Amino acid sequence: MSFDPIRPRGRPAHTPGTTILAYTPDGKRIITGGSNSAIRIYTVGEDGEPKTIDEGIDAHFGIGATNRTFIMGAEDGTVWKYDIMLGKMQSLLVRCALPVRDIAVTRDGQWVAVASDELTVKIVKVDDMTQVKYLREQSKGTKHVTFDPSGRYASVSGTDGILYIYSMHEEEPELVRKLDGVIRRLDPDSEATSRAVWHPDGTAFASAEATRDISIYSTSEWKKEKTFAGGHTGDITALSWAPNGSLLASAATDGYIVLWEAKTQKILQRYDFGNVMNLSWHPTKNSLSFTTSDGELFIYDNFVPKNHESLLQKPLQAAPILPGPLGEISNNVGRTTLADRSKEAIQRAARRGTPDSLDDILGENDQMMDFVEDDDGAGYADEELNLYGKRPNDHLDDLGGTSNKRLYYGFEKPKAHPPLQPGSTPWAGSRRYLCLNLTGAVWTVDQETHHTVTVEFYDREAHRDFHFTDPYMYDKACLNDNGTLFANNPSDGSPAIIFYRPHETWTARADWRTELPEGEQIQALALSDSYIVAVTSKDYVRVYTLFGTPYKVYRQKSPAVTCAAWRDYIMSIGNGPIGVDGHTTLRYTVENVKRDEICQNEDIVALPEGASLQSVFFSDNGDPCIYDSTGVLLVLQHWRTSGQARWVPLLDTKQLARLAGGRKEETYWPVAVAQDKFHCIILKGGDKSPYFPRPLLSEFDFQIPVASAIPKDSSESEDTVAEGARFEESFVRGNVLLSLFRDLLSSTNATASQRSDLARRELDLDKNLLQMLAIECREGEERGMKALELVALMTDRNGKMLEAAAKIAQRYGRGVLEDKIRDLAEQRVMGMGDDDELA
């Protein structure tokens, strides 16, 4: 059937070839581009000559428009922004090395996506070309790119026949689906389309199949829901939804434009127009515009016939993805008429029996059987009683069946902490980091049949980056200055593998590979300068030398979660007893492998209620550290002495000054503790883990959470309070770091430089106390007792610090305090400590 009430005439716009068009969102203008350099701007409703921009580039393939500007992509790889009102080229947004094939602009007009023959799709901010996002997962060039109306997703049609769906929620787009078989494999310059055309409600998209049918895919399950079949006998070249989603227009090489009803997937009208390449509905009117390969523009007013025009006047309609006929989006959706309700069978659930009745509890009482008398003659007292001594309930459903009440099973299954590989990230699309630390990074790419692994170093003078094809699909890795360690957990039942590759060797082959017993999976790996450690699903701790000699195997007392290693020490962590919140508590063990000594045995990992472990590692000085999900970094103090270990907070990232006042919203990915600093990666925009390209490392000084805002007395200035708080935190932090350093020297053969470093640290701590003393003396005589207490905290090996303290008291005119400080100095010279004085 073919019916054209008023057939529009073609408007010569460009030379023959690819011709593109776009409406401005307000529907006032149509912009077209083609194989020549001219750009036409048509005013809707006027038959006059269009405004022409002659400073364009030849061969435009992509177009997008806002009310004030429009964007064109060309065969030379450039993407330019133009001003509609001035009719001039404004600026270059982005340049690609290969031809641009398509352009998509977000509904808010803030971002433009550029698809080209390159593997990467670039998303550029329209007002700031320096802000660029990348869609990187394509294996071949791209033909189309589109955004869904809400901006949640971006779809990329690859020339390899795969449709890539990216989530745009995060700051960096994330691949959520690779849909194979949804679109055709097409050449970049093919007239046929593989574009995913989003329904206006954003819950589905339409795409052309190789069978020349049109399929609808839902975003809820990413599967085919409906098909518009039998409309074309040629390859489909263009698809376009009506603004309210009630109609679909399609064009093909068979020379027809077909109008479909979305609700029923039925053909409403066919229009005889050949060589149509692009379709676009007017945003508000009954009008469809399209361009042809002859370079012509057609504006078809009253495109929808009168008898179907009411469909176009409805409010936004739901996408045709529900089973059965599609209901309209209105207040009457889902309502059932009275006539329909009368036809429905009302099925009531059977009434269930009561586990315990009152008679069962109290027992029978014959004296009470005739208690109820038929005083009013209603007859209910004469009713026959059932076997329970009650009146029958014939008007109700039969009793019986099993009870559907919830049963109490005693306890809920505990929530165990999942295995954790420190420094690794989850999959982001087809990429993930296996290891991130101060040495470098190990990352892998899923190629479906195999992985490709890249190892990069920060110090490229000491080490050279390398890359290899990974048929074993390693999912764990460790990296240090000696070598790289890998492990996998095959899903096909094959044994788990540990593979170690040293960076330097004086033999022909030094790397080695070993298999674990069948059925045993690797939960976590650790690599030190001396040993390799693996904790497994059978709760074994397996220790190897660096060149593959099995050194130890034992079963830890708690189910394995993770591990870490430093020199001869290993730390294993497992799930322990259930805590008050229903989660298992974590237990750790620290062991010296070489001396076969256990420093701490199944002690508790100090995590707050509801928190989880984010990472575990040893500092550069060999102290165990953890970072939890609340953003707190803790170090294990006195861990070399059995029973004396405790977790001390070194930094609470949520109290950083950069986050004060809510100016920034960011989290931190832990990397290492080195040189008395916390090294991490800053995550913004709600990111949970680092993404590619590899981000820069940041470092923060330790800041122990001693106090928040200190209450200010009327006699104290705000600067004094802040200064005092800073020195107090510095004193506590200095004490902790000094304690860790003393423990290190006591367990090793201390060098002369380390002993001098210890004396310097003690002196710095005393200087900090002197600064605190000066503040107390400055504030007044009434602060004298605290001032004397500060002096007593000094270690002062040679008496110089106490003499300096007395001079500070003298300077501020605190005579009584000065005398007491000198008395304290005399006591220390005579060897009388605090314990002697108390005795």
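## Aromatic pairs, cores and a long-range link

In this predicted model, the count of aromatic pairs comes to 34. One of them joins Y433 and F692, whose ring centres are 4.3 Å apart with planes at 15°, so the pair is stacked. Because Y433 belongs to strand β29 (residues 431–436) while F692 sits in the loop between β50 (677–684) and β51 (698–701), this pair ties together parts that are 259 residues apart in sequence.

**Around the aromatic rings**

- Both partners of the stacked pair are shielded, since Y433 counts as buried at 0% relative accessibility and F692 counts as buried at 7%.
- The rings of Y668 and F700 have centres 5.4 Å apart and planes at 80°, so they form an edge-to-face pair.
- That second pair also links distant parts of the chain, with Y668 in strand β49 (residues 666–674) and F700 in strand β51, 32 residues apart.
- Y668 is buried with a relative accessible area of 5%, and F700 is likewise buried, with a value of 12%.
- One aromatic cluster is formed by Y271, F273, W281, F290, F298, Y300 and F303, and the charged end of R7 sits over the ring of F273, at 3.9 Å from its centre.
- The ring of F692 has a charged residue over its face as well, namely R431, which lies 5.6 Å from the ring centre.

**Nonpolar cores**

- The largest nonpolar core has 28 residues, of which L770, L773, V791, M794, A805, L817 and I821 touch the most other members.
- Helices α4 (718–747), α5, α6 (784–792), α7 (800–811) and α8 (815–829) each supply at least two residues of this core, and the largest share, nine residues, comes from α5.
- When neighbours within four places in sequence are left aside, A805 is in contact with L770, L773, V791, M794 and I821.
- Another core, of 22 residues, lies apart from the largest one and includes V561, Y569, F618 and L634.

**Helix α5**

- Helix α5 (residues 752–779) has 28 residues and should span 40 Å at 1.5 Å a residue, which agrees with the 42 Å between its end C-alpha atoms.
- Just after α5, G780 takes a positive phi of about 140°.

**Cysteines**

- The count of disulfides comes to zero; for C563, the nearest cysteine sulfur is that of C478, 7.2 Å away.
- C563 counts as buried at 2% relative accessibility, and C599 counts as buried at 6%.

Key:
Residues are numbered from 1 along each chain as its sequence is written. This is a predicted model: local features need pLDDT of at least 70, side-chain atom pairs count only at pLDDT 80 or more; totals for chains, interfaces and linings use all residues. Side-chain values use heavy atoms; hydrogens and water are left out. Helices (H or I, at least four residues) and strands (E, at least two) are DSSP runs, numbered from the N terminus. The expected span of a helix is 1.5 Å times one less than its number of residues. A disulfide is a pair of cysteine sulfur atoms within 2.5 Å. Buried means under 20% relative accessible area, exposed over 50%, partly exposed in between (1.4 Å probe, protein chains only). A nonpolar core is a set of buried Ala, Val, Leu, Ile, Met, Phe, Trp, Tyr and Cys residues joined through side-chain atoms within 4.5 Å. Contact means heavy atoms within 4.5 Å. Rings of Phe, Tyr and Trp (its six-membered ring) pair if their centres lie within 6.5 Å; planes under 30 degrees apart count as stacked, over 60 as edge-to-face and the rest as tilted. A charge sits over a ring if NZ of Lys or CZ of Arg is within 6 Å of the ring centre and within 35 degrees of the ring normal.
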